[in-house]
Amino acid sequence: MKVVGVFIAFLSAAVLGIASLIIGACGENGAFGGKAEMSELTKENAAEGLIVEGEVFSVWDKFAVEEKEENGRTTTLAEYYTMIMEYSYNEEAPMFIGISSKDGKELSTLEQMRSEVEGIINDTSDSDDYTSLHFRGKLKKLDDDMLGFLKVSVSSLLGVSEDVAEEYITPYVIESYNGSDYMPLLIAGIALTIIGAGGVLVLILKDIGEDN
């Protein structure tokens, strides 16, 4: 009876491990709704923690800078830009969202894009070759302070009041993100599968040996 219980425990571990492997391997690729293309992101499907990836073609303004002061030195932790959501180019009105990064290379590119848009608005641009950025990020709900900064930015860009500007805002920021929420699950799945399947195999082989 004790052997049967051990066998069931190993078998359960193997089944749980395989399930974890499937979710870990497929989850971020959309099988469980964890990821969206940048071009498909809308105000309606935006959600906390959603991973989005795709091309960013323009940013319109820098609305906030997150800094840390330590020992008399100020370090930039992240910069936040105002971006028009791609889907809204086909709508009657633009929809804005925040986009942010801590990576120096990404920030340099975002600033270049902002500068190019400024040149277009002010009719000072003499180039038809504009910068784009492949970006992978995770959606985070804007707190009241950050949402307020984004409202000021959109209000200025559209020439409307902050109350009206709120109608054109999806209250999230796409934070640069290169990790995987599913990796711990994938690792656990591998471990459970090895332990469970290995234990089942050992018990089967032991049982065959005793029968012989």
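In the predicted model, the largest pocket is lined by Glu66, Ala78, Tyr80, Ser100, Ser101, Lys102, Asp103, Glu106, Glu175, Ser176 and Asn178. The space within this pocket amounts to about 170 Å³, and its lining comprises five charged, four polar and two nonpolar residues. At least two lining residues come from each of strand 4 (73-84), strand 5 (96-101) and strand 7 (169-176).

An enclosed space is also present, in that the structure holds one cavity of 30 Å³ or more. The volume of the largest cavity is about 90 Å³, and the residues that line it are Met38, Leu41, Glu55, Val56, Phe57, Ser58, Met83, Ile84, Met85, Glu86 and Tyr89. Two or more residues of this lining are given by strand 2 (51-56) and by strand 4. By class, the lining of the largest cavity divides into eight nonpolar residues, two charged residues and one polar residue, whereas that of the largest pocket has two nonpolar and five charged residues.

The chain that frames these spaces has seven strands and five helices, arranged along the sequence in the pattern α-β-β-β-β-β-α-β-α-α-β-α. Of its 212 residues, 36% count as buried, and the chain exposes about 12,600 Å², of which carbon and sulfur atoms supply 54%. Among contacts with a separation of 6 or more, 67% are accounted for by residues 24 or more positions apart.

Helix 2 (residues 104-121) contains 18 residues, which at 1.5 Å a residue should span 26 Å, and its end C-alpha atoms are indeed 26 Å apart, in agreement with that expectation. Within helix 2, the buried residues are Glu106, Leu107, Thr109, Leu110, Met113, Arg114, Glu116, Val117 and Gly119. An α-helix has 3.6 residues a turn, so residues three or four places apart point the same way. The cover over the buried residues of helix 2 includes strand 2, strand 3, strand 4, strand 5, strand 6 (133-141) and strand 7. Glu106, one of these buried residues, is also one of the residues lining the largest pocket.

A contact partner of helix 2 is Leu133, which is placed in strand 6. Leu133 has a relative accessible area of 11% and is therefore buried. When residues up to four places away in sequence are not counted, Leu133 touches Glu106, Thr109, Leu110 and Met113, together with Gly54, Glu55 and Val56. Although Leu133 and Glu106 are 27 residues apart along the chain, their C-alpha atoms are separated by 7.8 Å. Of the residues touched by Leu133, Glu55 and Val56 also belong to the lining of the largest cavity.

For helix 3 (residues 144-158), a length of 15 residues at 1.5 Å a residue should give a span of 21 Å, and the end C-alpha atoms, 21 Å apart, agree with this value. Met146, Leu147, Leu150, Lys151, Ser153, Val154 and Ser155 are buried in helix 3, and the buried residues of this helix pack against strand 3 (61-70), strand 4, strand 5, helix 4 (162-165) and strand 7. Lys151 belongs to this buried set because its relative accessible area is 18%, which falls under the 20% cut-off for buried residues. Leaving aside neighbours within four places in sequence, the contacts of Lys151 are with Glu162, Ala165, Glu166 and Ile169.

Key. Residues numbered from 1 in each chain as written. Predicted model: local features only at pLDDT ≥ 70, side-chain atom pairs only at ≥ 80, totals over all residues. Heavy atoms only, no water. 1 Å grid on protein atoms, 1.4 Å probe; cavity = no way out; pocket = protein on both sides within 12 Å on 5 of 7 lines; lining within 4 Å. Points joined across faces, edges and corners; volume = space filled by probe spheres on them. Helix = DSSP H or I, 4+ residues; strand = E, 2+ residues; numbered from the N terminus. Nonpolar A, V, L, I, M, F, W, Y, C, P; charged D, E, K, R; others polar. Buried < 20%, exposed > 50% of the residue type's maximum accessible area, 1.4 Å probe, protein only. Contact = heavy atoms within 4.5 Å. Areas by Shrake-Rupley, 256 points an atom, 1.4 Å probe, with all protein chains shown as cover. Expected span 1.5 Å × (residues − 1).
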